[in-house]
Amino acid sequence: MLPLAIIATVLFGCNSEHVANKAEITLDPFLPLNQAGQTPPTYKNRIVFDNVNVITMNEQEQILTDQRVVVANNKIIAIGNKTTIELGDAEQVIDGKNGYLLPGFIDSHMHITHEGSGNPNIQTFTDPAQMSIYLQQGVTTIRSYSGTPYNLEWRDKVDSGQWLGTRIVTSGPIFSHYQELEDAATAAGIKVYDIAESFLAKLYSTYPKDPAAAITEVSRQKQSGYNFLKVYSQLPQPIYLSVVEQAKAENLFLAGHIPDAPLDIVFEHQQEIAHILDLMEHYASFNGSWDEYQQWVISALLKNDISIIFNWSTDEVNMEMFQGVDVYSRKGYWVIPDMILANWYNKPANEITPQQHERAKTFVKALVDSGVVVQVGSDTSDAGSLPEFIHRDMELMVEAGVSPYQALLASTRNPANIIAKITKQAKDRGEVTVGYFADLVLVKENPLDNISHTRNHHGVMVNGHWLTEKELTNMVSHFITLPVTPLLVELKE
């Protein structure tokens, strides 16, 4: 058996010479550092957004011009014009500068835990300040698609008001094929039975050996407080069906990749597909044309009320990496800590072709036009993926012919509806509506004219706390200086 130190070296080796150059951005000592993962500032008596145009994202496409929006604690309490709403005793007035106030964006597919050295069973953790890299992009709610106890802790501390940060909706550990764990252990020179249960319990994947173990794991995840379940590719059909059976018994939302089961079975039982690519790849086993397959898939999704996460931005960057483009030299990657970025260089890119790229865009337009619920996701922590990719997902949708408003729905109201379905609670976000959470982003120009305007904002409000663009940049600059912690293998005595 290899000594633990050697195992750690094998699993977490860094190739630091390939780290992309960081932008020359440093902490501004004159700005307050209300960092994510720390105690938030005290709520002001009343905050008023003045001189804003409100894109409500409710039932109809509309812009309410020259508005005032009033926030008390963490809720929107009034929306109206200057004749109906006075500044009164507002403790803070935010001049909207004729910008556009939208609901905070929702990233429907990301990961809090980062992969280490390209090995899906080994992972690294960052400080809760990681949430700042999402806030910087206007994202106020994240859906983690690979839960660990860390996710539960972060979620509960944000929800209770102990921490400033993004709201979190999290799956439990991913239901994966047991063979993957055995292969990873073999690569490290150890046996699965030599790994401590305390280590396996921290992983973002779980590996039930048989249907009975899968049923037990579903119940454990429910009792632990995870919001939904995620299944992964290659999960054997008998184990998948056991997960399905117990998910229904526990009233848990089932999402994820397409397991090793016929598509018609998956469509009958699963409530969300994590990537549009998953559906595209299964065309190879369909007896018919692409158009026939596309219509069959759309009909099944509508019939069974299955939502889709577009997530093509991460496939687009994989296409570029496969073509030899050094994407990590781009300035956006400054928000990723060096150790994680170095490990990303060690992971080979998935092969995505230009033909697939064009097909994905035509497919998403057909999905939206047919009424399938589509959401956007960044897949952050997957190698090459960044929180800013939710903007790219929306841009790709518009490039495909989807309207900017429909693309905005995929980052606001659509995922808010899905979150309400997951949590079994009334919808409380995704629209600028009285009584909803004060999770807002104030963009500088109208995104209905150009969807890329979602990238440029004056600031973000999360849970009633206003953060300017400069403050958010300062928070991220601080985050990348914080330690990154690898999860080391624990061996049984």
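## Helix α11 and its surroundings

In this predicted model, the buried residues of helix α11 pack against three other helices, namely α9, α13 and α14, the last of which spans residues 389-399. Of the 11 residues of α11, 9 are buried, so the helix is largely enclosed by the rest of the structure. The buried residues are Trp312, Ser313, Thr314, Asp315, Glu316, Val317, Asn318, Met319 and Met321, a list that includes Asp315 and Glu316 alongside Val317 and Met319.

Just after α11, the backbone at Gly324 takes a positive phi of about 95°. The loop between α11 (312-322) and α12 (338-345) also holds Tyr333, whose ring partner is taken up further below.

## Helix α13 and its two partners

Two packed helices are described by the angle between their axes and the distance between the axes. For helix α10 (residues 290-303) and helix α13 (residues 354-370), the axes come within 11 Å and cross at roughly 40°, and the two helices are therefore oblique to each other. The crossing in which α10 passes α13 is right-handed. On the α10 side the contact is made by Trp290, Gln294, Val297, Ile298, Leu301 and Leu302, which meet Arg359, Thr362, Phe363, Ala366, Leu367 and Ser370 of α13. Sorted by class, the residues of this contact are 8 nonpolar, 3 polar and 1 charged. An α-helix has 3.6 residues a turn, so residues three or four places apart point the same way; the α10 side of the contact includes Gln294, Val297 and Leu301.

The packing of α13 with α14 has another geometry, with an angle of about 80° and axes 9 Å apart. Because angles of 65 to 115 degrees count as roughly perpendicular, α13 and α14 are described as roughly perpendicular to each other. Here His357, Lys361, Val364 and Val368 in α13 meet Leu396, Met397 and Glu399 in α14, and the residues of the contact divide into 4 nonpolar, 1 polar and 2 charged.

## Aromatic pairs and a cluster

The model contains 16 aromatic pairs. In one of them, Tyr283 and Tyr293 lie 5.4 Å apart from centre to centre with 50° between the ring planes, an arrangement classed as tilted. Tyr283 belongs to the loop between α9 (276-281) and α10, whereas Tyr293 is in helix α10 itself, so the pair ties together parts that are 10 residues apart in sequence. The two tyrosines also have their own levels of exposure: Tyr283 counts as partly exposed at 22% relative accessibility, while Tyr293 is buried, with a relative accessible area of 0%.

Another pair is formed by Tyr333 and Trp344, whose ring centres are 6.5 Å apart and whose planes stand at 90°, so the pair is edge-to-face. Tyr333 sits in the loop between α11 and α12 and Trp344 in helix α12, 11 residues apart. Tyr333 is buried at a relative accessible area of 3%, and Trp344 is likewise buried, at 2%.

One aromatic cluster is made up of Phe267, Tyr283, Phe286, Trp290, Tyr293, Trp296 and Phe363. Trp290 and Phe363, both members of that cluster, also take part in the contact of α10 with α13.

## Trp163 and its contacts

Trp163 lies in the loop between α3 (149-159) and β9 (167-170), and this loop residue is buried, with a relative accessible area of 13%. Although 127 residues separate Trp163 from Ala36 in sequence, their C-alpha atoms are 6.8 Å apart in space. Leaving aside neighbours within four places in sequence, Trp163 is in contact with Gly37, Gln38, Pro40, Pro128, Met131, Glu153, Trp154, Lys157 and Val158.

## Two lysines with positive phi

Most residues other than glycine have a negative phi. Lys97, which is not a glycine, nevertheless has a positive phi of about 55°; this lysine is found in strand β4 (residues 92-103) and is exposed, with a relative accessible area of 55%.

Lys424 likewise has a positive phi, of about 60°, without being a glycine. Its place is in the loop between α16 (413-423) and β17 (440-443), where Lys424 is partly exposed, with a relative accessible area of 44%.

Methods: Residues are numbered from 1 along each chain as its sequence is written. This is a predicted model: local features need pLDDT of at least 70, side-chain atom pairs count only at pLDDT 80 or more; totals for chains, interfaces and linings use all residues. Side-chain values use heavy atoms; hydrogens and water are left out. Axes are lines fitted to C-alpha atoms, for helices over the stretch in contact, and angles run from 0 to 180 degrees between N-to-C directions. Helices (H or I, at least four residues) and strands (E, at least two) are DSSP runs, numbered from the N terminus. Angles under 35 degrees count as roughly parallel, over 145 as roughly antiparallel, 65 to 115 as roughly perpendicular and the rest as oblique. A crossing is left-handed if the near helix is turned anticlockwise from the far one by less than a right angle, and right-handed if clockwise. Contact means heavy atoms within 4.5 Å. Ala, Val, Leu, Ile, Met, Phe, Trp, Tyr, Cys and Pro count as nonpolar, Asp, Glu, Lys and Arg as charged, and the others, Gly among them, as polar. Rings of Phe, Tyr and Trp (its six-membered ring) pair if their centres lie within 6.5 Å; planes under 30 degrees apart count as stacked, over 60 as edge-to-face and the rest as tilted. Buried means under 20% relative accessible area, exposed over 50%, partly exposed in between (1.4 Å probe, protein chains only).
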